[in-house]
Amino acid sequence: MWPFHMRADPEPEKTETESNEDALLQASLADDSMTKEQAMNVPAFAACVNKIAETVSTIPIKLYKLTEGKLETVKEDTRVRLLNDDTGDTLDGVQFKRALTRDYLTGKGGYAFVNRTGNRIKSLHYVKENEISFIFSSDPIFKDYDIMIQGARYRPFEFLKFLRNTEDGRSGKSVIDENSEVLSVAYHSLKYEKGLVKTGGNKKGFVKSPKKLSEGAMTALRKAWRRLYQNNTENVVILNEGLEFQEASNTSVEMQLNENKKTNSDEICKLFNMPPAMINGGATEEDKTNFVQYCLNPILKEFECALNRDLLLESEKGSYYFAVDTSELTKGDIEKRFRAYEIASKNGFLQTDEIRIKENYPPLGLDFVRLGLNDVLYDPKTNQFYVPNMNQTGGLTPIRKGSEQKEGEEINED
């Protein structure tokens, strides 16, 4: 008799909640803990998040169907319209994808309620990630959970879930959570610079006196010093009777704030795999290519998987799939785009009307396939070839096993 194992009884459900109050409490308990609001105050971080979110939001999503080895675009499908144009909610398609991407990068994930009537999806409703909490089992293998929103309980299949670096399938890890220290350095550098601006660049320090000052003298000195830092119009404090000011911190020049800001900005770009030139200006073609390949593509692939998992019926999986149309990324460079069309047309995998449709021009009705006369067409199934410019056909005779053929020698079938 073979030994077998019984699955243990499930442990009681656990409840996970997260709200703005929790985030504020966490921030008050840990100096290096960063909130989303603090991180978005760092210019480099906000620029990276906005750059990615804006780019993803403008990329159209298409639905494809694979039937007997033939791939076709499904155009008349409600889900395509909901994702690209009108979600049926207060957000349009662009705003919907932008909001999901921002929550994907800065929160525990992008969530949207899928409003269904039977098997038909009527609308998609974006939900802020800080409105989401979970009730979940503690079983590490057979993971299960429910989604809670303002006391209402929902099943996972009722939501589109766009998650970053998730380990449980219900929530992800944001860039902020994984890199709080480097963001904290950049944030506090910004706060320090703000303090310098508010005080007019006045140095911090202390006053030394050769003799003990009276309480009245110290009170007057404190008031004068407070006015010096709070009001830039009064920038003189008189020190008499041997009083001497001594600096307690370095100046902004000594701290090299500009150099530190640039270094911090470059380090933050690394968190997103984004070339710094993409937000600083002067991006080369190589920078743009790296941005798409290393920064955008992993995010877009995650988005595609989420759409295929949550928006397709079980009967559709395997033959239908969602995919983003990254050709939109080159629409800003008309010369590069037309050169790509030229290469595609010459090599025969895009025809004239297909190119015109991509550019939103009406098709001309040119249904023929253009071939070059300089090419020899070969059919490997029949071993036959055709030479268009000579209008001749021919065949290739296979080499018989066990025979050898010298170079230039013809094979005799007799």
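**Notes on a small sheet and a helix pair**

1. Let's start with the sheet: three strands, ordered β13-β14-β15, make an open sheet with antiparallel pairing. Strands here are DSSP runs of E, at least two residues long, and helices are runs of H or I with at least four, numbered from the N terminus. β13 (377–379) and β15 (392–395) sit at the edges with a single partner strand each, so one side of each has no neighbour in the sheet. On average, neighbouring strands are turned by 20° against each other, ignoring direction.

2. A word on the basis: this is a predicted model, where local features need pLDDT of at least 70, side-chain atom pairs count only at pLDDT 80 or more, and totals for chains, interfaces and linings use all residues. Residues are numbered from 1 along each chain as its sequence is written, and side-chain values use heavy atoms, leaving out hydrogens and water.

3. Back to β13: three bridges tie it to β14 (residues 384–387), and the two run antiparallel. Two strands count as paired if DSSP finds at least two bridges between them. Look for Asp379, which stands opposite Gln384 in β14.

4. Now the helices. α3 (residues 43–57) packs against α5 (residues 93–106) at about 140°, their axes 8 Å apart. That makes α3 oblique to α5 (under 35 degrees is roughly parallel, over 145 roughly antiparallel, 65 to 115 roughly perpendicular, and the rest oblique). Axes are lines fitted to C-alpha atoms, for helices over the stretch in contact, with angles from 0 to 180 degrees between N-to-C directions.

5. Who touches whom? Residues of α3 including Phe45, Val49 and Ile52 meet residues of α5, among them Val94, Lys97 and Leu105 (contact means heavy atoms within 4.5 Å).
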